[in-house]
Amino acid sequence: MTTDPDPFEQGERAARENIPAEANPYQEGSEQYALWASGHERVASARDADEGEGT
């Protein structure tokens with residue numbers, strides 16, 4: 001059984017790999033675009049918070 005990749009998880013992975021948010025592969029305005037952006041933002045925000053705390 002094959003499942004489609006989860007856009008949220010793809011966005012998280014992209015952020016961990018330092019891929020910029022502008023590289024979102026989905027069509028702007030689509031649900032997948034929003035999910036990818038949310039996943040990216042979640043990881044990027046956590047990383048920025050950690051850096052701000054000096055960790």
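A residue is called buried when its relative accessible area is under 20%, exposed when that value is over 50%, and partly exposed in between. With these words in hand we can walk through the structure above, which is a predicted model. Of the 55 residues in the protein, 22% are buried.

The overall plan is simple to state, since the protein has 2 helices and 0 strands. Taken along the principal axes, the box that its C-alpha atoms fill is roughly 40 × 25 × 15 Å. The protein exposes about 4,200 Å² of surface, and carbon and sulfur atoms supply 47% of this area. The protein carries 4 positive and 13 negative charges, and the mean positions of these two groups lie 5 Å apart. When contacts between residues with a separation of 6 or more are considered, 59% of them involve residues 24 or more positions apart.

We can begin the closer look with helix H1, which covers residues 7–16. Ahead of this helix stands Asp6, which caps its N-terminal end, with a side-chain oxygen lying 3.0 Å from the backbone nitrogen of Phe8. Within H1, the buried residues are Pro7, Gln10, Gly11, Glu12, Ala14 and Ala15, and these residues pack against H2. When reading such a list, it helps to recall that an α-helix has 3.6 residues a turn, so residues three or four places apart point the same way.

What happens to the backbone just after H1? There Asn18 takes a positive phi of about 60°, and this is a positive value in a residue other than glycine. As a rule, most residues other than glycine have a negative phi. Asn18 belongs to the loop between H1 and H2, and because its relative accessible area is 59%, Asn18 counts as exposed.

Further along that loop, between helix H1 and helix H2 (31–52), we come to Tyr26. Is Tyr26 buried, partly exposed or exposed? Its relative accessibility is 23%, and therefore Tyr26 counts as partly exposed. Leaving aside residues up to four places away in sequence, Tyr26 touches Pro7, Gln10, Gln32, Tyr33 and Trp36. One of these partners, Gln10, is joined to Tyr26 by a polar contact of 2.4 Å between the two side chains. By contrast, Asp50 lies 24 residues from Tyr26 along the chain, and the C-alpha atoms of the two are separated by 28 Å.

Turning to helix H2, we find His40 there, and His40 is buried because its relative accessible area is 8%. Which residues does His40 touch, apart from those up to four places away in sequence? They are Gly11, Glu12, Ala14, Ala15, Ile19, Pro20 and Ala21. Among them, Ile19 has a backbone oxygen that lies 2.6 Å from a polar atom of the side chain of His40. Several of the residues that His40 touches, including Gly11, Glu12, Ala14 and Ala15, appear in the list of buried residues of H1.

The last stop is Glu12 in helix H1, a residue that is buried because its relative accessible area is 9%. Not counting residues up to four places away in sequence, Glu12 touches Gly39, His40, Arg42 and Val43. With Arg42, the side chain of Glu12 meets in a salt bridge, with a distance of 2.3 Å from N to O. The pair links distant parts of the chain, since Arg42 is in helix H2 and Glu12 is in helix H1, 30 residues apart. The two partners differ in their surroundings: Arg42 counts as exposed because its relative accessibility is 52%, whereas Glu12 is buried at 9%. How many salt bridges does the count come to? The count comes to 1 salt bridge. For another view of Glu12, we can look towards Ala49, which is 37 residues away along the chain, with the two C-alpha atoms separated by 16 Å.

Read together, these details describe how the parts of the model meet. The buried residues of H1 pack against H2, the salt bridge of Arg42 and Glu12 links the two helices, and the loop residue Tyr26 shares a polar contact with Gln10.

Notes. Residues are numbered from 1 along each chain as its sequence is written. This is a predicted model: local features need pLDDT of at least 70, side-chain atom pairs count only at pLDDT 80 or more; totals for chains, interfaces and linings use all residues. Side-chain values use heavy atoms; hydrogens and water are left out. Helices (H or I, at least four residues) and strands (E, at least two) are DSSP runs, numbered from the N terminus. Buried means under 20% relative accessible area, exposed over 50%, partly exposed in between (1.4 Å probe, protein chains only). Contact means heavy atoms within 4.5 Å. Accessible areas come from the Shrake-Rupley method with a 1.4 Å probe; for residues, only the protein chains shown count as cover. Lys and Arg count as positive and Asp and Glu as negative; His and the chain ends are not counted. The place of a charge is taken as NZ of Lys, CZ of Arg, CG of Asp or CD of Glu. A polar contact is a pair of N or O atoms within 3.5 Å; within protein, one must be able to donate a hydrogen and the other to accept it, and residues adjacent in sequence count only if both atoms are side-chain atoms. A salt bridge is a side-chain nitrogen of Lys or Arg within 4 Å of a carboxyl oxygen of Asp or Glu.
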